[in-house]
Amino acid sequence: MRPARFLDRVPLAAVALAFVAAPAAAQQNTAATYVIRNATVFPVVGARIQNGTIVVRDGRIAAVGANVDAPAGATVIDAQGLFVYPGFIDSGTQLGLTEIGSVPGADDTREVGDIHAQNVSLTAVNPHSELIPVTRVNGVTTVITSAGGGLVSGQASLIDLAGWTPAEMGVKRQAAMVINYPAVPSGVGRFGFEFRPQRAEADLTRERDRRVREIYEVLHSARAYGDARERGATGPADHLNAALVPVVRGELPVLFDVESADQIRGALALSDTFGLKPILRGAREAWLLADTLAARDIPVIVGPTTAQPGASDPYDMIYANPGVLARAGVRIAFQTSDASNARNLPYNVALAMAYGLDPDEALRSITINPARIWGVDDQYGSIEVGKVANLVVTDGDPLDVRTKIRHVFIRGDAIPLTDRHTRLYEQFRGRPRSPTIPN
Amino acid sequence: MIMTDFRRGAAQALLGIAAMLTHPATAFAQQANPAAAAENAAAVGVAAPADTIPVLRAPVPPAGTLVAITNATIMTATNGTIERGTIVIRNGRIAAVGANVGVPAGARVIDGTGRWVIPGIIDAHSHSMSEAINEGTESITAQVRIQDILRQDPIGVYRQLAGGVTTLNILHGSANTIGGHNAVVKLRWGLPVDSMLFAGAPPGIKFALGENVRQTNRPFTPGQQQRYPRTRQGVEALLRDVFTRAQEYRADWQLYEQQRRGARRGQAAPIPPKRDLQLETLVEVLEGRRLVHAHSYRADEILMLLNVARDFGFRIASFQHVLEGYKVADELAAAGSGASTFADNWAFKIEAFDAIPHNMALMYERGVRVSINSDSDERARRLYQEAAKAIKYGGVPEEEALRMITLHAAWQLGIDDRVGSIEVGKDADLAIFNGHPFAPASRVEMTLIDGRVFFDRSTAPTLEDRMQRMRERTIPVAATESAR
């Protein structure tokens, strides 16, 4: 599918620079300075700090330690008995791109056709979605959001869950190119019996191979386009190819949505052919290739753990997969692949912890690991001086469902812990008692 | 000889007619339960006995089964938590539970040190073991029975056992205003389906309201006939119509019975009214002999059904999903209806857009008995994590949150005299965790039903297991060593 051709020639350089990280701190002109005192601080990159203090100023962490002076005029939060963590990062959602699942009007998660390299998620994000406050009040402050489906679904964006406009929310407008590596549909049905698909397996395999070839062709074409442009070729701009040039140059990572070992191997082969920078996502069978992935330093975003393994898989495969990968030295992060319940990111992680994921690694997998994977670890993912002040203050382990969130900061702003749900709760808590059934 | 043949023939003919006149399930129950058969023969058609779940062939473990779970933290669901407690199981029932309970000689001892034991989890909304769950051609299919199509689902059932689930309420889907008879089963993995049915569980029936029944989320195919009802008003009209017909049907049969009993010798016997299996089922509902489980979302449709039930003199045993139940909690409590809901699933349909995770807490505060269900084989595996959300959102006390996946579900299904808590006399349906069930790193280690172990992680096919076996296949070190 070729987009309409523009009369202007889009300089390649402009496209290339567009995806460089630039957290929009300037737009959040926060004058408030906060001091969080007497907390147990989990910086993630170092040992926990007992009776710690954090100073938040101008959207950043200005100070953190056991003996930190509170600046005058700051709003003081006494966090005695409370715990502070970096804001959590969900590496796979459709937040802002969908509202009510069954209603197509607000659903921007699936474009027509198969190749949408030039579709960028950020500008379609609805900053006023009801789903956003619901998510961030549980400490998930930053997410990857993207459409899905097809072969090349488009470009995923990394966003903070606060901002008046999509641009304000954007942390990385172009975080990765999403590619759905094709699979042969499984022949195993719900009851463990093989179902007879409408078409023969050989047919389905040929179809899969054809779709894989299509991806190869698309990337080949992009490489040729990029090379030609570089040599000074002129002519009408091609946004589709232009969008893929950074991908084949290894500058824009590719987020491969894969599940089986077969798909993973295919994605790695594709990456090797074109010099791509792969990130695997989903990857429920990555445990089969754990050593390879660790040796090649390929990050894996696991989840959702709230999913059923295939009929012939061990019953705890999806729960145990993250732990196996982490122990093998793979850098893992988590996704909920959700929108309305992205808030449950920590509980996805808890399920993995119950089946072997180390608790420290569990915390890293939703903080510093995704920050590194997305190339924003200079600004996000840990509680260190200079980083963006995305913080969660809790009364217990954030992976424990029973824990209450006391404060959430996004870019140094204290986020009100209210959302559609708390409002309805308060409203109906206030309904006068009515014991009779009205007509 | 001829006389014997004639009498035998007549007897056979009568039996044949009797068989034709009785509902197939009733016939089966009669075979299993001869006492009921005599009763039923006289009352054919009139308020026909609820198709009682057939009596199990092997309901409890063989006599002599003696199990003791020792030194565990026991969350009883009714009497608080017992530290370092022991549960003694005899013939499938809980014989003793407490901190100072002795282990009988000969008992199989399950060491509960460092373990937490809770009652087996009861899922009040399941579609497991069923492939076809909607007879979607008409909106009222009350007579259709889900137990007729139950089939083994070894993988799905095993994984639920691995999540501590022991009993399911298997329901039809929500395509129809009245979907059909339910089936309550215990997850006795490996036994025939008939042996999984929960003996003595009161029969139930699935109702549904709202978007699914109205089929408004289906893409409209031009030329395709739309099915009535398409509006919520239509759902109400349909319910009132069908229950009115059920009342008339009951009156017709009562009149017939009166006339039949009053008929004098020599008088012509009255002709019975035509049997209608659907209306028979609805008469059971009218008479409170079949528990109604009603899928519903919106506050107004919940009130509508409460009103219909009140007008026709029956109670709704449980509203299912009932995501706006918090808006009409008083009305639910006043009607004595239970609520079986999702912890925090929302925004998937318009009628779920006002759903809040505080639903459970608000309804509980107003006196409603709330259970948390799965409506999903996947969610059923982690209902213990879902239950903890009742604590997070609205501060439900811990033991009440536990009851939401155990005792309250049992009560809604009418089986709380048998399961749902760890008390002497109840069935030994138990889930054993390696930590507090609501704590983040906890998982199920063992699941028992009727005192028999149906899931044991130490012998389960785990990922670790699979990896170990793969290693052994690729590195047969032992084989080469022994060859030398």
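A salt bridge is a side-chain nitrogen of Lys or Arg within 4 Å of a carboxyl oxygen of Asp or Glu. The legends below refer to a predicted model.

**Figure 1. Interface between chain A and chain B in the predicted model.** Contacts across the interface involve 65 residues of chain A and 70 residues of chain B. The two chains bury about 5900 Å² between them, and carbon and sulfur atoms give 55% of this area. Three salt bridges are counted between chain A and chain B. In one of the salt bridges, the side chain of B:Glu331 meets that of A:Arg431, with an N to O distance of 2.8 Å. The interface also holds 28 residue pairs in polar contact, with both residues of each pair at pLDDT 80 or more.

**Figure 2. The side of chain A that touches chain B, by helix and by residue class.** In chain A, at least two residues of this side come from each of helix H2 (131-136), helix H8 (317-327), helix H9 (345-354) and helix H12 (420-429). The contribution of H12(A), seven residues, is the most given to the side that touches chain B. Sorted by class, this side of chain A comprises 33 nonpolar, 18 polar and 14 charged residues.

**Figure 3. Salt bridge between B:Asp354 and A:Arg420.** The side chains of B:Asp354 and A:Arg420 meet at 2.5 Å, N to O. The pair crosses between chains: B:Asp354 lies in the loop between strand S13 (338-341) and helix H11 (359-365) of chain B, and A:Arg420 lies in helix H12 of chain A. B:Asp354 and A:Arg420 are both buried.

**Figure 4. Surroundings of helix H9 of chain A.** Helix H9(A) is largely enclosed by the rest of the structure, because 10 of its 10 residues are buried. The buried residues are A:Leu345, A:Pro346, A:Tyr347, A:Asn348, A:Val349, A:Ala350, A:Leu351, A:Ala352, A:Met353 and A:Ala354. Within chain A, the buried residues of H9(A) pack against strand S6 (88-93), strand S7 (140-145), H8, strand S13 (332-334) and helix H10 (359-364). From chain B, helix H12 (383-392) also packs against the buried residues of H9(A). After H9(A) comes A:Gly356, which has a positive phi near 115 degrees.

**Figure 5. Environment of A:Asp257 in strand S10 of chain A.** Strand S10 of chain A spans residues 254-258 and contains A:Asp257. A:Asp257 counts as buried because its relative accessibility is 18%, and buried means under 20%. Its side chain makes a polar contact of 2.8 Å with the side chain of A:Arg281. Leaving aside residues up to four places away in sequence, A:Asp257 touches A:Val178, A:Ile179, A:Asn180, A:Tyr181, A:Gln263 and A:Arg281.

**Figure 6. Salt bridge between A:Arg372 and A:Asp377.** Over all chains, the count comes to 57 salt bridges. In the pair shown here, the side chains of A:Arg372 and A:Asp377 meet at 3.8 Å, N to O. A:Arg372 has a relative accessible area of 37% and is therefore partly exposed. A:Asp377, with a relative accessible area of 30%, is also partly exposed.

**Figure 7. Salt bridge between B:Arg151 and B:Glu131, and a salt-bridge network in chain B.** The N to O distance in the salt bridge between the side chains of B:Arg151 and B:Glu131 is 2.1 Å. The two residues are 20 residues apart, and both lie in the loop between strand S6 (121-126) and helix H4 (154-161) of chain B. B:Arg151 is partly exposed, with a relative accessible area of 29%, whereas B:Glu131 is exposed, with 56%. In the network, salt bridges that share partners join B:Arg93, B:Lys186, B:Arg188, B:Arg418, B:Asp427, B:Asp429 and B:Asp450.

**Figure 8. Overall organisation of chain B.** The secondary structure of chain B consists of 16 helices and 17 strands. Chain B has 484 residues, of which 57% count as buried. Of the contacts in chain B between residues at least 6 apart in sequence, 69% join residues at least 24 apart. The area exposed by chain B is about 19400 Å², with 55% supplied by carbon and sulfur atoms.

Technical notes: Residues numbered from 1 in each chain as written. Chains lettered and ligands numbered in written order. Heavy atoms only, no water. Contact = heavy atoms within 4.5 Å. Buried area = accessible area lost by both parts, 1.4 Å probe. Polar contact = N/O pair within 3.5 Å; in protein donor to acceptor, adjacent residues only side chain to side chain. Helix = DSSP H or I, 4+ residues; strand = E, 2+ residues; numbered from the N terminus. Nonpolar A, V, L, I, M, F, W, Y, C, P; charged D, E, K, R; others polar. Buried < 20%, exposed > 50% of the residue type's maximum accessible area, 1.4 Å probe, protein only. Areas by Shrake-Rupley, 256 points an atom, 1.4 Å probe, with all protein chains shown as cover.
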